[in-house]
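Visitor: I would like a close look at a single part of this model, set in the context of the whole chain. Please take me through it with some care.

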Amino acid sequence: MSRRSSIRLAVATATAVSLTGGLLTLATGAASAVTVPAKYADDFNGDGYRDYAHGNYGGQVVVVYGTATGPGTTKKVFSQATSGIPGTAGDAGGYADAFGEDLAAADLNRDGYADLAVADFTEKVGDKVSSGAVTILWGRASGLSGSDATRLPKKSGTYQGFGKEIETGDFDGDGKADLAVANGIDSVYVYRGGFTKSGTTGSITRHTPNDILEPSGLVAGRVTNDKATDLFLLGQGYHDDKITQDAWFLRGGSTIRPGKVTVINNAEPDYSPTGVVADFDKDGYGDLAVSDRSYNRKAGSVVVWRGGGTAPTTKYRITQGSPGVATAATPGDWMGSGLSAADTNGDGYPDLAVGVPGEKVSTRTGAGGVHILRGSRAGLTGTNSQYFSRATSGVPGSPAAYEFFGIDVRLRDTDRNGRPDLLVSGDSRETSLRLPGTSSGITTTGATTLYVAASFPQ
């Protein structure tokens, strides 16, 4: 899943940054009538290349179609003003239109083309203000279209915020793509495949935690090493008369089962957390890496909740004070605002790209940077990690105050050479800097600007 955040609206007015990044999706296979699903969960036109969809200002979704060398020049922009897409552009009951605030991709109807689920938690449905809605744009040989867009079935309700977070995955392990949707109040709904353009889905179940007061993040991935995708709901908790930041584990399977809740921050919640699942220690179980940007006077950190055979197990924390991490932890760095995982140096362990968009570079407050933390047998570590900012040799441009370089990050093999590249965006939602991947890690040699934001579904 990819998402832009309403917290960005506060960035322009704050000297101490208030930032977010994109929750990451681990999407799987597909659903319904045809036998061969799309090769990639985000190949919307079926040409064999991954495509790039990201939210933009004013309730827009920008789709840039991929080529053999990465994002191409073919671009389409969708909004609720696009013919066929239900709803009214800007109709958000007094709030900024959030169409495209969160995105998730998968071949939902199993026709060989990936589809795009678009969330708008502010959508007015009937007379219900901010009821929220999720709309599916269907893929085809010409790419995504609004002509037959379908809204997920959901009973409307005032201020439900349905679509606050969305994720795709095979949550019941039946080989079909499912869609998980969190509302802004208290629950996660799992819509099972198959999906059809007429609006039908498989069965729908609702899951409500006892300890999460307000969902603010949703992360999918395989934690227990079975065939089903698992889920984490992130949000505010309440313990010992304090509001906390919590994570709730839901184990995938033929029956989705609620599991453990753990506290990420016991003093101050992160109202727009980011997260990703990857097996950083290669023990066979996926680990949750989740931001805790409020930690240590908003210096920020990343908390890793280790995977296990039936549920997550122990936790550990990485900060800019951890051994080997290049920069010092200072208030307002907002470490963890962008997160993305991939094996960048070919050692078999996934690494983690971590944005620190509030980082001061030289005299430039909020110039920002990105760390690449290494996976290892012991888990994530700062040893042999990499760090990039606009002041790094070979990186184009110069550090600029409040660019917030690292607010969004993605690791993806855009040029199909078998090595993930690092894409980094600042507060612009239109471009990213690509640092190429090599057999020894990310390099600045050949760095280029791409006209796509680093917040697309991963």
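How many helices and strands are there in the protein chain, and how do the side chains along strand β20 alternate?

Guide: The model is a predicted one, and its protein chain holds 2 helices and 30 strands. The radius of gyration is 20 Å, close to the 23 Å that the globule rule gives for 458 residues, so the chain is as compact as a globular protein of that length. Along its principal axes the C-alpha trace spans about 55 × 55 × 45 Å, and 60% of the 458 residues count as buried. Among contacts with a separation of 6 or more, 55% are made by residues 24 or more positions apart.

Against that background, strand β20 covers residues 315-318, with the side chains of Y316 and I318 pointing to one face, where they are buried, while those of K315 and R317 point to the other face and are not buried. In a regular strand the side chains alternate between the two faces of the sheet. Strand β20 is joined by 4 bridges to β19, which consists of residues 302-305, and the two strands run antiparallel. One of the residues involved is V302, whose bridge partner in β20 is I318; I318 also belongs to the buried face of β20.

The residues of helix α2, 295-298, include N296, and R297 is found in that helix too. N296 has a positive phi of about 55° although it is not a glycine, and R297, likewise not a glycine, has a positive phi of about 55°. Most residues other than glycine have a negative phi, and most peptide bonds are trans. As for accessibility, N296 is partly exposed, with a relative accessible area of 42%, whereas R297 is exposed, with a value of 64%.

The backbone also holds a cis peptide bond, which joins G193 and G194 with an omega of about 10°; G194 is placed in the loop between β11 (188-191) and β12 (204-207).

For a buried position in another strand, one may turn to A182, which lies in β10, residues 178-182. A182 has a relative accessible area of 0%, and because buried means under 20%, A182 counts as buried. Leaving aside neighbours within four places in sequence, A182 is in contact with ten residues' worth of surroundings that include G161, F162, V188, L218 and L233.

Terms used
Residues numbered from 1 in each chain as written. Predicted model: local features only at pLDDT ≥ 70, side-chain atom pairs only at ≥ 80, totals over all residues. Heavy atoms only, no water. Rg over C-alpha atoms; globule rule 2.2 N^0.38 Å. Buried < 20%, exposed > 50% of the residue type's maximum accessible area, 1.4 Å probe, protein only. Contact = heavy atoms within 4.5 Å. Pairing = 2+ DSSP bridges.
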